[in-house]
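These are my notebook entries from a first reading of this model. I looked up how its parts pack and wrote each result down as I went.

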Amino acid sequence: FGSERIAKLMDRMGIEEGEVIQHSMITKSIERAQKKVEENHFGTRKRLIEYDDVMNSQRDVIYTKRKHALFGERLSLDIANMLYDVTSATVSDYHAAQDYEGLKFELFKTLSVDFPMDEKSFLQASPDESTHKIFELAFEGYRHKRDAVALQAFPVIKNVFETQGSQYENIVVPFTDGLKTLQVMANLKKSFESQGKHIILDMEKGIMLAMIDDAWKEHLREMDDLKQSVQNAVYEQKDPLLIYKFESFNLFKQMLVRMNKDIISFLVKAALPGEQNQVRQASAPQKTDMSRLKTSRSDSTSSPQQGGDRSFMNTQQEEKQQPVRVEKQIGRNDPCPCGSGKKYKNCHGK
């Protein structure tokens with residue numbers, strides 16, 4: 001709007017395009033228009049920063065968890081805290097509903113433990129008491145599970161190390177909870193020297209990193225959808241930023257609960273698949289070699305003397321590529337091709 005007013009004013013004054021503007025009124029009008037545009041841009045950037053601040057606070061939490069999982073710092077403590085949080089949330093939900101049978105089923109499904117209290121004791125006890133008993137039982141069961149998996153994996157690791165230790169540096173070991181399987185990379189030498197215990201540490205790292213990344217990527221998509229939807233709050237004379245902060249906090253809280261539950265549930269159920277001897281070397285993804293593809297293409301059309309199977313394939317390919325030839329049909333009244341001089345019907349057409 002300000003630029004249109006300036007253009008009209010310049011036309012009235014007869015100022016041509018490219019001419020130096022020296023009038024004080026024109027200069028002040030330009031300054032006011034430029035200041036207004038800069039204020040609008042500043043407000044837009046400030047608004048974006050306020051939205052980004054919400055994401056930054058959540059990003060710090062997730063990246064701290066990833067750092068602990070990646071470098072092994074406080075990994076055992078983080079797992080214990082997640083186990084306690086999952087137990088506390090589960091007990092609180094079912095204790096409020098006085099659902100004893102539902103709690104037993106949920107604990108067995110998530111933590112693979114039997115509820116150590118009868119229904120009467122559960123209803124009389126506080127949620128904190130029930131949480132403490134279940135946590136101790138689940139944590140002790142997880143410690144035994146770690147030792148059992150290490151003991152089960154060590155013979156396979158020993159066999160690979162003794163027979164192919166010079167070839168393999170890292171190996172990929174599959175772990176499954178019965179529903180899905182995750183591939184975990186482990187150092188072969190460290191796993192052998194620790195009698196399989198180091199592979200458990202690598203398992204915890206790999207599972208936590210994979211599930212944290214999946215949960216965070218899904219949360220980012222939900223946050224993008226939320227940022228678009230809260231803009232409609234302007235029509236209700238509400239501040240979209242306040243609604244965004246409130247809803248994003250609830251989404252982040254729900255994401256943490258789901259993520260902790262998925263991680264703990266997989267860890268307490270993690271086991272080696274049935275075929276334990278299929279340990280393969282960990283390698284980086286290979287890029288497609290285009291030159292090799294061209295070479296193999298040229299080889300396929302080369303002489304059939306390069307091998308029996310390839311010769312057969314090339315012969316079949318050449319036969320398919322040959323044009324169809326249609327021979328001229330001999331009529332009954334045409335001369336016979338044998339050279340007798342007779343008509344075809346009199347010589348061979350009988």
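At what angle do α4 and helix α9 pack, and how far apart are their axes? I note first that the model is predicted. I looked up the pair and found that α4 and helix α9, which spans residues 240–269, pack at an angle of about 70°, with axes 7 Å apart. That angle makes α4 roughly perpendicular to α9, since angles of 65 to 115 degrees count as roughly perpendicular. On the α4 side I listed Glu106, Lys109, Thr110 and Leu111, and these meet Lys261, Ile264, Ser265, Val268 and Lys269 of α9. Sorted by class, the residues of this contact are three nonpolar, two polar and four charged.

**Entry: the chain as a whole**

I then stepped back to the protein chain, whose secondary structure comes to twelve helices and three strands. The chain has 350 residues, and buried residues make up 29% of them. I also looked at the contacts with a separation of 6 or more, and 62% of these are between residues 24 or more positions apart.

**Entry: α3 against α6**

Next I turned to α3, which runs over residues 75–97, and to helix α6, which runs over residues 127–164. These two pack at an angle of about 140°, with their axes 9 Å apart, and they are therefore oblique to each other. Their crossing is right-handed. From α3 the contact takes in Ile79, Ala80, Leu83, Tyr84, Thr87, Ser88, Val91 and His95, while α6 brings Pro127, Ser130, Thr131, Ile134, Phe135, Ala138, Phe139 and Tyr142. I wrote down the classes as eleven nonpolar, five polar and no charged residues.

**Entry: α3 against α8**

I kept α3 in view and looked up its packing with helix α8, residues 197–229, where the angle is about 60° and the axes are 11 Å apart. This makes α3 oblique to α8, and α3 passes α8 in a left-handed crossing. Leu75, Ile79 and Met82 of α3 make the contact with Leu201, Glu204, Lys205 and Met208 of α8. The classes here are five nonpolar, no polar and two charged residues. I marked Ile79 in my notes, because it is listed in the contact of α3 with α8 and also in the contact of α3 with α6.

**Entry: aromatic rings**

How many aromatic pairs does a search of the whole structure find? The search gives seven, and I wrote out two of them. In one of these, the rings of phenylalanine 115 and phenylalanine 122 have centres 5.5 Å apart and planes at 80°, so I recorded the pair as edge-to-face. Phenylalanine 115 and phenylalanine 122 are both buried.

The other pair I wrote out is that of phenylalanine 135 and phenylalanine 139, with ring centres 5.8 Å apart and planes at 20°, so this pair is stacked. Both residues lie in helix α6, four residues apart, which is about one turn of the helix. Phenylalanine 135 counts as buried at 17% relative accessibility, because the cut-off for buried is under 20%. Phenylalanine 139 is partly exposed, with a relative accessible area of 27%. Together with Tyr84, Phe135 and Phe139 form one aromatic cluster, and I had already met these three residues in the contact of α3 with α6.

**Entry: two buried residues**

Is leucine 107 buried or exposed? Its place is in helix α4, residues 100–111, and at 1% relative accessibility leucine 107 counts as buried. Leaving aside neighbours within four places in sequence, I found leucine 107 in contact with Thr90, Ser112, Val113, Phe115 and Ile134. Leucine 107 and isoleucine 134 are 27 residues apart in sequence, and their C-alpha atoms are 8.8 Å apart in space.

My last look-up was isoleucine 171, which I placed in strand β1, residues 170–176. Isoleucine 171 is buried, with a relative accessible area of 1%. From isoleucine 171 to serine 191 there are 20 residues in sequence and 9.8 Å in space, taken C-alpha to C-alpha.

Terms used. Residues numbered from 1 in each chain as written. Predicted model: local features only at pLDDT ≥ 70, side-chain atom pairs only at ≥ 80, totals over all residues. Heavy atoms only, no water. Phe/Tyr/Trp six-rings, centres within 6.5 Å; stacked < 30°, edge-to-face > 60°. Buried < 20%, exposed > 50% of the residue type's maximum accessible area, 1.4 Å probe, protein only. Contact = heavy atoms within 4.5 Å. Axes fitted to C-alpha atoms, helices over the stretch in contact; angles between N-to-C directions. Parallel < 35°, antiparallel > 145°, perpendicular 65-115°, else oblique. Left-handed = near helix turned anticlockwise from the far one by under 90°. Nonpolar A, V, L, I, M, F, W, Y, C, P; charged D, E, K, R; others polar.
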